[in-house]
Amino acid sequence: MSGWRGLLLIRQDLRVTEHKETVALLRELDDPKWLERPRDYDRGEIGALFNVLVARLEDDFAAPCVSERDTQDSSEYGRITVPADATVCGIRIVVCVSKFGSLALVCADNPGAFLGTGEAQAEGELDAGDLDKVEGTLANLGYAIVPEELLECDYAGPSQLPWHVQRPTWWHRFFGSF
């Protein structure tokens, strides 16, 4: 394959190769019978952990964080937004939490605004210290952090994703709408 499509496939393959353990976790959680949430989904448990995450981020950034939770018709449980005025670079940080296996995504401004936290840092839009705070809090609470660039790779699993998804990605599988 040549041209930009060939480069895209090579880049995606490298991202998958870089994150073998995370890809293995995604494949383990990918059950075609349970698209929106896993078989053992406990809404109360996920909600309680989410509440703790919100409280810790508010403490870490000394600011109230906006949160949306219990997203309907989606495999995403909710989102937490650290306000721009509480970050070093003045750009908000968004944390998305999946209903699957305590998966979490961290991004600057919004999902899709940058191709991952590395790009946001390179462009001066995300401070390393702020990112460390968020990722440290997530790790301490047992969340598995999935890099945005990995979630943008083409979905390669057994589940039949919704008809409206033109180019299925891992994002659609574990954070998307149904």
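## Cysteines

Let's start inside the protein: cysteine 153 is buried, at just 1% relative accessibility. This is a predicted model, by the way. Cysteine 96 is buried too, with a relative accessible area of 0%.

What does a disulfide search of the whole structure turn up? It finds zero disulfides. Cysteine 96, for one, is in no disulfide, and the nearest cysteine sulfur belongs to cysteine 107, 4.9 Å away. A pair needs its sulfur atoms within 2.5 Å to count as a disulfide, so the 4.9 Å between the sulfurs of cysteine 96 and cysteine 107 doesn't qualify.

## Overall layout

Zooming out, the chain has seven helices and five strands. How are they ordered along the sequence? The pattern reads α-α-α-β-β-β-β-α-α-β-α-α. In other words, three helices come before a run of four strands, then two helices, one more strand and two closing helices.

Of the 178 residues in the chain, 43% are buried. As for what is left on the outside, the chain exposes about 9,300 Å², and 50% of that comes from carbon and sulfur atoms.

The contacts tell us about sequence range. Take the contacts between residues at least 6 apart in sequence: 58% of them join residues at least 24 apart.

## Around proline 83

Where does proline 83 sit? You'll find this residue in the loop between β2 (76-82) and β3 (93-98). Is proline 83 buried or partly exposed? Its relative accessibility is 21%, and buried means under 20%, so proline 83 counts as partly exposed.

Proline 83 and isoleucine 93 are 10 residues apart along the chain, and their C-alpha atoms are separated by 6.9 Å. Leaving aside residues up to four places away in sequence, proline 83 touches Ala63, Pro64, Cys65 and Arg92.

## The largest pocket

The largest pocket comes in at a volume of about 170 Å³. Which residues line it? One part of the lining is made of Pro38, Asp40, Tyr41, Asp42, Glu45, Ile46 and Leu49, and Lys99, Gly101 and Ser102 complete the list.

By residue class, the lining of this pocket splits into four nonpolar, two polar and four charged residues. With Gly counted as polar, Gly101 falls in the polar group along with Ser102. The charged residues are Asp40, Asp42, Glu45 and Lys99, while Pro38, Tyr41, Ile46 and Leu49 make up the nonpolar group.

Conventions
Residues are numbered from 1 along each chain as its sequence is written. This is a predicted model: local features need pLDDT of at least 70, side-chain atom pairs count only at pLDDT 80 or more; totals for chains, interfaces and linings use all residues. Side-chain values use heavy atoms; hydrogens and water are left out. On a 1 Å grid over the protein atoms alone, a cavity is a set of points where a 1.4 Å probe fits but cannot get out, and a pocket is an open set with protein on both sides within 12 Å along at least five of seven lines; lining residues have an atom within 4 Å of a point. Grid points are joined across faces, edges and corners, and a volume is the space filled by probe spheres set on the points. Buried means under 20% relative accessible area, exposed over 50%, partly exposed in between (1.4 Å probe, protein chains only). Contact means heavy atoms within 4.5 Å. Accessible areas come from the Shrake-Rupley method with a 1.4 Å probe; for residues, only the protein chains shown count as cover.
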